[in-house]
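Please work through the following exercises with the sequence and the three-dimensional structure at hand. Each task is followed by a solution in steps.

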Amino acid sequence: MNNNNLYKYILGIADNTLILGQRLGELCGHGPSLETDIACTNISLDMLGQARNYFQYAAKLKGKNYTEDDIAFLRKEHEYLNVLLVEQPNTDFAYIITRQFLFDVYHLLFLNSLKNSNDLTLSAIANKSIKEVSYHYRFSSDWIKRLGDGTEESHQRIQKAIDDLWTYTDELFHQTEGDKTMINEGIGVDTLKLKEEYYKRVNEILQEATLNVPESKYFQKGGKDGIHTEHLGFLLADLQYMQRTYPNMQW
Amino acid sequence: MTELLEQHIDKKLIPILNQVSDPEIPVLTILDMGVVRSAIIEGDEVIVKITPTYSGCPAMDVIGDDIITAFKKEGYKAKVELILSPAWTTDWITDNGRKALEDYGIASPLDAQADKEVLLENKKLVKCTNCGSTNTRLVSQFGSTACKALFKCDDCQEPFDYFKCLK
């Protein structure tokens, strides 16, 4: 087995949770209410914990003296392999909830398949994470319904967020050449098989929330190949600040 | 990352492990919490395997250090390993641990079905740790730490934590 394929595959999964975790972490002390602030940072903590599990495994594969921190903090922008959805900014609470919801539905389906991976470490991390992600999904889908079926203002704003972020949903199922190799080896998740169920679940919640399902067929992709939106650079400047300013500093 | 289906703890080591508790819930020892999956003596070294409650639980690093310190005091050299499979569940909290939680003011986890009902606010089942009433409601699914939800009693008006079911 080619270790580099597995290494990159792990990074793809880990970067999704790292970057979304960082985005949610930005809300610490800035959430719209105390309860939502705590909820978002709780979810952030879960996601960073999951990212650490993946990065520790990736560091072991990389060997030499690699640590989880090297991988998390010291890559360049185009070396991050997360999907574009998770790096989108915290425009307002409607965007935060929509981004979370669109990712959570995918994340649950993805982990449910990753549980059956031939790779025992990935399967163990998936089994652990899925319990946490069930709570994330409950939180985000609840808020989609509350905002959609809330006031005129909340309805209009959450609809706008859904219309805007919809363009990033298709990339969740995009497969790189490396992904395909991993699927063939029984390690990776065949995301194409999740697509139908994903849109079915998303549509159900949106309908319950009295929201329109966007009809646009124009989708963005690139993150999984390291081509990102302008937002990632700014996020990384924040995330990497300490390691870049004080190289090799330890907490 | 090895898989460890059965708990395996050397009886001799139990009193030492009992000295270590969760830094965020000090009344709960790590044995009562069920995070110690194995503790054995190999040669001149004690090997302790622990499993995290939540992936991002910051208490795990502290617990690891505390275990090493506790064994050092008793003249042992200890090594702590983190294992992920099988994943921790609230079922592993002992009866002793559940009682300690309640006494401390944290409602202990209900079974999975009941937990779902209370977090979806369909039923009132969580008992107030102050007055015992079940006339309680969910304030937030996420509380002061990853493992807890925030509740309020509508009889005595006291807010309290509920330890979420994780299965």
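The exercises below concern a predicted model.

**Exercise 1. Describe the secondary structure and overall dimensions of chain B.**

Solution. Begin with the inventory: chain B contains five helices and 10 strands. Next, consider its extent: along the principal axes, the C-alpha atoms occupy a box of roughly 55 × 30 × 25 Å. Then turn to burial: 43% of the 167 residues of chain B count as buried. Finally, consider the contacts in chain B with a separation of 6 or more: 53% of them join residues 24 or more positions apart.

**Exercise 2. State how chain B is divided into domains, and characterise the contact between them.**

Solution. Domain 1 of chain B covers 8-92, and domain 2 covers 105-163. Taken over C-alpha atoms, the centres of the two domains are 28 Å apart. To the contact, domain 1 of chain B contributes seven residues and domain 2 of chain B contributes six residues. On the side of domain 1 that touches domain 2, the classes are three nonpolar, three polar and one charged.

**Exercise 3. Determine the strand order of the sheet that contains β1 of chain B, and place helix α3 of chain B relative to that sheet.**

Solution. The order is β1-β4-β5-β6 in chain B, an open sheet of four strands with mixed pairing. Its edge strands are β1 (8-9) and β6 (77-82) of chain B, each of which pairs on one side only. Within the sheet, β4 (residues 36-42) and β5 (residues 45-50) of chain B run antiparallel and are joined by six bridges. One position to inspect is B:Ala39, which stands opposite B:Val48 in β5(B). Helix α3 (residues 59-73) of chain B lies across β5 and β6 of chain B, and runs at about 160 degrees to β6(B).

**Exercise 4. Determine the strand order of the sheet that contains β7 of chain B.**

Solution. This is an open sheet of four strands in chain B, with mixed pairing and the order β7-β10-β9-β8. The edges are β7 (106-107) and β8 (136-140) of chain B, and each pairs on one side only. From β8(B), four bridges lead to β9 (residues 148-153) of chain B, and these two strands run antiparallel. B:Thr136 has B:Cys153 in β9(B) as its bridge partner.

**Exercise 5. Identify what β2 and β3 of chain B form.**

Solution. β2 (residues 21-22) and β3 (residues 25-29) of chain B pair in the antiparallel sense over two bridges. B:Ser21 is partnered by B:Thr29 in β3(B). With two residues between them, β2(B) and β3(B) form a hairpin.

**Exercise 6. Compare the expected span of helix α5 of chain A with the distance between its end C-alpha atoms.**

Solution. Helix α5 of chain A comprises 22 residues (residues 93-114). At 1.5 Å a residue, α5(A) should therefore span 32 Å. The end C-alpha atoms of α5(A) are 30 Å apart, which agrees. As to its surroundings, α5(A) is mostly covered, with 17 of its 22 residues buried.

**Exercise 7. Analyse the side of chain A that touches chain B.**

Solution. The contact involves 22 residues of chain A and 17 residues of chain B. On the chain A side, α2 (34-62) and α6 (120-148) each supply at least two residues. The most is given by α6(A), with 12 residues. Sorted by class, this side of chain A has nine nonpolar, seven polar and six charged residues.

Technical notes: Residues are numbered from 1 along each chain as its sequence is written. Chains are lettered from A and ligands numbered from 1 in the order in which they are written. This is a predicted model: local features need pLDDT of at least 70, side-chain atom pairs count only at pLDDT 80 or more; totals for chains, interfaces and linings use all residues. Two residues are in contact if their C-beta atoms, placed from the backbone, lie within 7 Å. Ala, Val, Leu, Ile, Met, Phe, Trp, Tyr, Cys and Pro count as nonpolar, Asp, Glu, Lys and Arg as charged, and the others, Gly among them, as polar. The expected span of a helix is 1.5 Å times one less than its number of residues. A residue is buried if 20 or more other C-beta atoms lie within 10 Å of its own, exposed if 12 or fewer, and partly exposed in between; C-beta atoms are placed from the backbone. Two strands pair if DSSP finds at least two bridges between them. Axes are lines fitted to C-alpha atoms, for helices over the stretch in contact, and angles run from 0 to 180 degrees between N-to-C directions. Domain bounds come from an automatic or database domain assignment.
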